[in-house]
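Work through these exercises with the structure open beside you. Try each task before reading its solution.

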Amino acid sequence: MTKASRLLVEGCTNLIGYFMVRSNPNARLLSCAPVGLELCAGREMADAVSIFMSIGLSEQKAKETLKNEALSSTLKTAIQQAQGLLGSASIDKTAGTMLYNMVTRLKDSTQLSFLTEYIITRKITSELQLSAALDFIKSHPQENLDRFEFEAACGVGVVVTPEQIEDAVELIIRKHKDQLLAERYRFNMGILMGEARTALKWADGKIVKNEVDMQVLHLLGPKTEADLEKKQKGAKPKAAEKDVKIEQVANGEANTEGKSLMEQLRGEALKFHKPGENYKTEGYVVTPNTMNLLKKHLEETGGQVRTRFPPEPNGILHIGHAKAINFNFGFAKANNGICFLRYDDTNPEKEEEKYFTAIKEMVEWLGYKPYAVTHASDHFQLLYDLAVDLIRRGHAYVCHQRGEELKGHNIPPSPWRERPVEESLLLFDRMKKGMFAEGEVTLRMKMVMEDGKMDPVAYRIKYTPHHRTGNTWCIYPTYDYTHCLCDSIENITHSLCTKEFQARRSSYFWLCNALDLYCPVQWEYGRLNLTYTVVSKRKIIKLVETGVVRDWDDPRLFTLTALRRRGFPPQAINNFCARVGVTVAQTTMEPHLLEACVREVLNDTASRAMAILEPLKVTITNLPTNAQKEVRVPDFPANEAKGSHVVPFSKTIFIEQSDFREVMEKGYKRLTPDQPVGLRHAGFIISVQRVIKDGCGKVCELEVTCASSDSVEKPKAFIHWVSDPLRCEVRLYERLFLHKNPEDPAEVPAGFLSDINPNSLTVIESALVDRSVGKAKVFDKFQFERVGYFSLDPDSTSEKLVFNRTVTLKEDPGKI
């Protein structure tokens, strides 16, 4: 029998076996019938498989790719373009893998040939470069890209030498030397790799890891028997409840009334169990092995409080996450415990490097240092092994119901629920090997959730490369399956989550007990929401894609990166979360309450400067042309001991247009032809002598005389001014939405995109600021006297500074 004939027979056997199961759930699979594997019929499909295999894809991966018509068509085009560039040479496996990964993630097909050229000419050779390239194309949607800018963003041509890698790693090892020597191989080596990858962005990851391993070995020597022993925790820390106080605004901890974090807890949160006393929690399921598991848990943790902050790396954190960060990290710290930052990276389609990086940055920006940074993907093999065990125990089964059949809460029972264990094990193994199409089968757990949802999905198929594991897996665990098991693996004592996860508490307990594992306790608290904004990832993406905002860090949003860019101090956000309190009920707050916290912090921390947003030229006629003096201005007028800076004062100064009126009005206390004003800090009073207007009749300059403030009557007001200033750009922000609840159809029937405030951003390109801010760094904060609080934006250059208004000096009563 020829190979082709044999394949045809096997294919028919396969299809017969497969449709027996689909039509009759009670039918047993034939052991010789590989279910779900469909043979490609016809010369055209065979040729396509051959083409895909020629670039390094496995036969199975090639056949699965063919099932996606759009993907296979784009991949064929890319291969043809690559072959055109190579001529007679073949595409090597490395370049072929890069092409495949590029095609699966590329959204803008007009840039296909552009990226293919860079891959085939070996200008883009790593996954890191490819991710940067795709990010650049996504943020620069035009046909003719600036190649110089593109290559700089993707590290094209950057060569990291072994010497540079060695030197960078040596610095990192030196930085952590004392802790490494103290903890030896129990030290979290991921910290070293994380810092090395940051310092050596375009270096080969494997070479970096080898260098880290080699230098650690050189410092510590080979592992000893003591290193191989299980890590023993220190003595159980003293219980810290209401007597544990948190210093206001220190290291990410915030409290406005001297109360501890525990004293702020409300409702059910007051009933938190002590480590090891999980069984005292209402609803906790006690099994014959529970006490043994808790005893082992206490031996491994030393009775330490352990929490985790588990974000999905598919978007940027927002103000609601700030409450979760403060609660998880703050609760652990208030009880001398530890908190993990764990990425819930089980959905490769939506995860990007920039989200991983930004999440960690924001946690640290708020003042918290994770005990360890972990990933759900760290445990993919263990999670798979546990799923096999769950099937063997009769608690899970492979199901053929489609996704649309599983939506809602009144779904029909699966006809495959009582499928024999051996059959589910075989099918689950074939799911793992890529022998089914996406959505064709799932692994489901035999349990009913608190909200009545029956048999939640544990594993589903996704043919998308994972950010960390690449193409190793094509099946990925769900949140319902992963979360409690990762909590158990990391010995979490208090799994703190928002109220919407309450319906998953029973499944949380059930799964740990079904696998006879240590079972942590889940506690729920209310979400923190703000009015006049949206925080949904999908809606923010819509705002970005439609050009309403620039990106996730647009200062009109309430993502944490946006608040940082606008100039909100992290201490103010932590204070706000402490004032809100950790309530069980959902909390919706007004933005002005957050802004009040911002003013409190900036009033004590933002040094003063003088800036003019709408300049009006003023010439002092009774000063000599070359007159120049220096005026010392206190950084904090209420406490001059905190320092000062010097600004020039000359014949020509600039004031705000609003500080002059040609016609006197009742109650107006600033400069008019009949009313002098003082100049702040200068010691002079100016009086108008002449008003100069342009051809349109607009006042463009004033000629004034000045006199010492000691020699004349005290004026009704003092105004700010600048002399020999720096020109800068100032961005003034207002609320992005017109209505309090832009997502409420009753309030905004046409949807949130119809509710955009047209005046949410005002850009002043020719503002003036005194030279004291000339050396400011990005995110440095100032109070521009009489104007507001401002922060230096990342768009600033050496030629032009850009300032964002963080908040006004006082709350606008019209916004309440």
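**Exercise 1. Describe how helices H2 and H4 pack.**

Solution.
Step 1: Locate the helices. H2 spans residues 43–54, and H4 spans residues 69–86. Remember that this is a predicted model.
Step 2: Take the geometry. The two pack at an angle of about 60 degrees, and their axes lie 11 Å apart.
Step 3: Classify the angle. Roughly parallel needs under 35 degrees, and roughly perpendicular runs from 65 to 115. An angle of about 60 degrees fits neither class, so H2 is oblique to H4.
Step 4: Add the hand. H2 and H4 cross in a left-handed way.
Step 5: List the residues that touch. H2 brings Ala48, Ile51 and Phe52, which meet Ser72, Leu75, Lys76 and Ile79 of H4.
Step 6: Sort them by class. The contact of H2 with H4 holds five nonpolar residues, one polar and one charged.

**Exercise 2. Do the same for helices H6 and H7.**

Solution.
Step 1: H6 covers residues 112–120, while H7 covers residues 127–139.
Step 2: Their packing angle is about 160 degrees, with 12 Å between the axes.
Step 3: Angles over 145 degrees count as roughly antiparallel. H6 and H7 are therefore roughly antiparallel to each other.
Step 4: The crossing of H6 and H7 is right-handed.
Step 5: From H6 come Phe114, Leu115 and Ile119; they meet Leu130, Ala133, Leu134 and Ile137 in H7.
Step 6: By class, this contact between H6 and H7 has seven nonpolar residues, no polar and no charged ones.

**Exercise 3. Find the largest nonpolar core and explore the contacts of Phe428.**

Solution.
Step 1: The largest nonpolar core contains 87 residues.
Step 2: Pick out its best-connected members. Ile319, Phe428, Tyr459 and Tyr481 have the most contacts inside this core.
Step 3: Zoom in on Phe428. Set aside its neighbours within four places in sequence. Phe428 then touches Tyr384, Ala387, Val388, Ile391, Val398, Leu443, Tyr459 and Ile475.
Step 4: Look for another core. A second, separate one has 37 residues, including Leu75, Phe114, Ile120 and Val156.
Step 5: Link back. Leu75 is one of the H4 residues from Exercise 1, and Phe114 is one of the H6 residues from Exercise 2.

**Exercise 4. Summarise the whole protein chain.**

Solution.
Step 1: Count the elements. The chain has 25 helices and 26 strands.
Step 2: Check burial. Of its 816 residues, 50% are buried.
Step 3: Check the reach of contacts. Start with contacts between residues at least 6 apart in sequence. Of these, 69% join residues at least 24 apart.

Methods. Residues numbered from 1 in each chain as written. Predicted model: local features only at pLDDT ≥ 70, side-chain atom pairs only at ≥ 80, totals over all residues. Heavy atoms only, no water. Axes fitted to C-alpha atoms, helices over the stretch in contact; angles between N-to-C directions. Helix = DSSP H or I, 4+ residues; strand = E, 2+ residues; numbered from the N terminus. Left-handed = near helix turned anticlockwise from the far one by under 90°. Contact = heavy atoms within 4.5 Å. Nonpolar A, V, L, I, M, F, W, Y, C, P; charged D, E, K, R; others polar. Core = buried A, V, L, I, M, F, W, Y, C linked by side-chain atoms within 4.5 Å. Buried < 20%, exposed > 50% of the residue type's maximum accessible area, 1.4 Å probe, protein only.
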